[in-house]
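Work through the exercises below with the sequence and the model open. Try each task before reading its solution.

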Amino acid sequence: MRLRRKPWIDTAILDYADFVTPLGGDWTAFSGMWAELFGRSAPLHIEIGVGKGDFLTELAARHPEINYVGLEAQQGVLYFAARKAAERGLKNIRLVVFDAARLTELFAPAEVDRIYLNFSDPWPKARHAKRRLTSPLFLARYRAVLKADGELRFKTDNMGLFDYSLETMEREGWQLSRVTHDLHALGEADNIMTEYERKFSARGAKIGRVVARRPSEQG
């Protein structure tokens, strides 16, 4: 769902230039150079669809040894993620207003260790299937930027999308593990909830989760 644009954010987001590249900026020059941007060599994890940043900022706070890049198409929500990162003084986060369809422009081959997809738009109509972030087209983009042992971690409350994703990942050669259709029933202490996850869970929705390892070159 696209939020109503807030013009004041276009200026306000500039206060967080240490954390975010706003709409119109270009970080594609950092493809293959993210270690230099962060000023250190460390595992690189990315989240596609950061929203207001609850998940990514908490993850970065728990794991200061990892570099995190968050992608979000809507500047209006990414502003809030940038503010949270600044308030918590997180030096291991960079946020980009960016279309995930251009992922291979932002990261070099085998540069990324892990990708997070949380509560992506299900695009339920068949004619929109290629827009799903777990479609074969997007899985090929993830495969291109992930390291040989890299992985994709996916959560959703939409069981239609979840089953589609499992089938598509298996067909494309991804190795699946930690598959569950009811994540919260497991009571995993390390599960970090997104804004949507808290809302959906409060309504009684079940959450699907899968960890998918990148296919081998022969796969």
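The exercises cover salt bridges, a helix, a strand and a pocket in this predicted model.

**Exercise 1. A bridge within a helix**

Task: Find the salt-bridge partner of E58, and work out how the two residues are placed in helix 3.

Solution:
- Step 1. E58 pairs with R62; their closest N and O atoms are 2.8 Å apart.
- Step 2. Apply the cut-off: a salt bridge needs the nitrogen within 4 Å of the carboxyl oxygen, so this pair qualifies.
- Step 3. Place the pair. Both residues lie in helix 3 (residues 54-62), 4 residues apart, so about one helical turn separates them.
- Step 4. Recall the helix geometry. An α-helix has 3.6 residues a turn, so residues three or four places apart point the same way.
- Step 5. Check accessibility. E58 has a relative accessible area of 22% and is partly exposed. R62 is also partly exposed, at 41%.

**Exercise 2. Bridges across the chain**

Task: For the salt bridges D113 to K147 and E188 to R178, locate each partner and decide whether it is buried or partly exposed.

Solution:
- Step 1. D113 and K147 meet at 3.3 Å, N to O. The pair links distant parts of the chain: D113 sits in strand 5 (residues 112-118), K147 in strand 6 (residues 146-156), 34 residues apart.
- Step 2. D113 has 19% relative accessibility; buried means under 20%, so D113 counts as buried. K147, at 29%, is partly exposed.
- Step 3. E188 and R178 bring their closest N and O atoms to 3.3 Å. E188 is in the loop between strand 7 (175-180) and helix 8 (195-202), and R178 is in strand 7, 10 residues away.
- Step 4. E188 is partly exposed at 25%. R178 is partly exposed at 37%.
- Step 5. Look for shared partners. R114, E151, R153 and R213 are joined into one network by such bridges. The structure holds 12 salt bridges.

**Exercise 3. Helix 4**

Task: Compare the span of helix 4 with the expected value, then list its buried residues and what follows the helix.

Solution:
- Step 1. Helix 4 (residues 75-87) has 13 residues. From first C-alpha to last, helix 4 reaches 18 Å, close to the 18 Å expected at 1.5 Å a residue.
- Step 2. Q75, V77, L78, Y79, F80, A81, A82 and A85 are buried in helix 4.
- Step 3. G89 follows the helix, with a positive phi near 60°.

**Exercise 4. Strand 4 and its neighbours**

Task: Which way do the residues of strand 4 point, and which strands join strand 4?

Solution:
- Step 1. In strand 4 (residues 93-97), 5 of 5 residues are buried.
- Step 2. I93, L95 and V97 point one way; R94 and V96 point the other way.
- Step 3. Strand 1 (residues 20-21) runs parallel to strand 4, joined by 2 bridges. T21 stands opposite V96.
- Step 4. Strand 3 (residues 67-72) also runs parallel to strand 4, with 5 bridges. Y68 stands opposite I93.

**Exercise 5. The second largest pocket**

Task: Describe the second largest pocket by volume, lining and residue classes.

Solution:
- Step 1. The volume is about 340 Å³.
- Step 2. The lining has 21 residues, with L59, Y116, R153, D190 and N191 nearest the centre.
- Step 3. Helix 3, strand 5, strand 6 and strand 8 (208-213) each supply at least two lining residues.
- Step 4. The lining divides into 9 nonpolar, 4 polar and 8 charged residues.

Conventions. Residues numbered from 1 in each chain as written. Predicted model: local features only at pLDDT ≥ 70, side-chain atom pairs only at ≥ 80, totals over all residues. Heavy atoms only, no water. Salt bridge = Lys/Arg side-chain N within 4 Å of Asp/Glu carboxyl O. Buried < 20%, exposed > 50% of the residue type's maximum accessible area, 1.4 Å probe, protein only. Expected span 1.5 Å × (residues − 1). 1 Å grid on protein atoms, 1.4 Å probe; cavity = no way out; pocket = protein on both sides within 12 Å on 5 of 7 lines; lining within 4 Å. Points joined across faces, edges and corners; volume = space filled by probe spheres on them. Nonpolar A, V, L, I, M, F, W, Y, C, P; charged D, E, K, R; others polar. Pairing = 2+ DSSP bridges.
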